[in-house]
Amino acid sequence: MKLDDLYNLSRDECFERIKGESLSQAKRGLCIGALILIIFLFGLYVWHDFEPSLVPICDFSVGCLAAACIAVNNLLFLHRLDSLSTPELLLHQYKKRFNNDRKAICFALIGGLIFNIRLWEDIINFNWGWLVIELTLFGVLIVGLIYAYFKEYDDTALNGVLTRRDEEIIGRLEDLVEKK
């Protein structure tokens, strides 16, 4: 649909079109979360048979948990979507869905850094030369990810994270809210 055709739609027609696009984005997020969960579960199964070590199992478990959170979050959004009757509610739920997905990704990255096999090998083998540098780097990264985890939705903070389609949906929903 061309942009000129979008401006000719009524407020309700535009809202229903945005609702449909939100539905497709949530389905896409659900499929991606489920696919990543299956990959992590398969990796956990293979790694557990290959080398039964606690650190990689914890790393895969954190990835499984984050992927499951993304899948469940998008599934809940899909269930709520039919009951959303105003652009304000849809905008709020869409931002909430995106924030929860972002927090799950931050959680997975924090877990990936904490359960880094190379870092634990350096700690166990007392390789102090690189250990101080690695611990400093990992500490800074973890603090940054924790900050990103607790930061609420902000247009400036998410410019590089949002997809173009998400930006368009949020922008059009904000336009609908302002037109009211």
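The protein has seven helices and zero strands, where helices (H or I, at least four residues) and strands (E, at least two) are DSSP runs numbered from the N terminus. Along the sequence the pattern reads α-α-α-α-α-α-α. The model is predicted, so that local features need pLDDT of at least 70 and side-chain atom pairs count only at pLDDT 80 or more, while totals for chains, interfaces and linings use all residues. Residues are numbered from 1 along each chain as its sequence is written, and side-chain values use heavy atoms, with hydrogens and water left out.

Of the 180 residues of the protein, 33% count as buried; buried means under 20% relative accessible area, exposed over 50%, and partly exposed in between (1.4 Å probe, protein chains only). Contacts are defined by heavy atoms within 4.5 Å. Among the contacts in the protein with a separation of 6 or more, 76% involve residues 24 or more positions apart.

Helix H3 (residues 54-81) packs against H4 at an angle of about 175°, and their axes are 8 Å apart. Axes are lines fitted to C-alpha atoms, for helices over the stretch in contact, and angles run from 0 to 180 degrees between N-to-C directions. H3 is therefore roughly antiparallel to H4, as angles over 145 degrees are classed (under 35 degrees is roughly parallel, 65 to 115 roughly perpendicular, and the rest oblique). On the H3 side the contact includes Asp 59, Val 62, Leu 65, Cys 69, Phe 77 and Leu 81. Residues on the H4 side include Leu 90, Gln 93, Tyr 94, Arg 97, Asp 101 and Phe 107. The residues of the contact of H3 with H4 divide into 13 nonpolar, six polar and four charged. In this grouping Ala, Val, Leu, Ile, Met, Phe, Trp, Tyr, Cys and Pro count as nonpolar, Asp, Glu, Lys and Arg as charged, and the others, Gly among them, as polar.

Gln 93, in helix H4, is one of the residues in this contact. Gln 93 counts as buried because its relative accessible area is 12%. Leaving aside neighbours within four places in sequence, Gln 93 is in contact with Phe 77, Arg 80 and Leu 84. The C-alpha atoms of Gln 93 and Leu 81 are 8.5 Å apart, with the two residues twelve apart in sequence.

Side chains of opposite charge can pair when their charged atoms come close. A salt bridge is taken as a side-chain nitrogen of Lys or Arg within 4 Å of a carboxyl oxygen of Asp or Glu, and by this rule the count comes to four. In one of them, the side chains of Arg 172 and Glu 21 meet at 2.0 Å, N to O. Arg 172 lies in helix H7 (residues 164-179) and Glu 21 in helix H2, so this pair ties together parts that are 151 residues apart in sequence. Arg 172 is buried at 17% relative accessibility, and Glu 21 is also buried at 17%.

A further salt bridge joins the side chains of Glu 174 and Lys 95 (3.3 Å, N to O). Because Glu 174 lies in helix H7 and Lys 95 in helix H4 (residues 87-114), this pair links parts that are 79 residues apart in sequence. Glu 174 is partly exposed, with a relative accessible area of 23%.

Within helix H4, the side chains of Arg 97 and Asp 101 meet in a salt bridge (3.4 Å, N to O). These two residues are four apart, about one turn of the helix. Arg 97 is buried, with a relative accessible area of 5%, and Asp 101 is buried at 11%. Salt bridges that share partners join Arg 97, Asp 101 and Asp 166 into one network.

Two members of this network, Arg 97 and Asp 166, also touch Gln 25. Gln 25 is in helix H2 and counts as buried at 4% relative accessibility. Not counting residues up to four places away in sequence, Gln 25 also touches Tyr 94, Thr 163, Arg 165 and Ile 169.

The structure holds zero disulfides, a disulfide being a pair of cysteine sulfur atoms within 2.5 Å. Cys 14 lies in helix H2 (residues 11-50) and is buried at 11% relative accessibility. Apart from its neighbours within four places in sequence, Cys 14 is in contact with Leu 9 and Leu 176. The C-alpha atoms of Cys 14 and Arg 172 are separated by 8.8 Å, although the residues are 158 apart along the chain. Cys 106 is buried at 8% relative accessibility, whereas Cys 69 is partly exposed at 40%.
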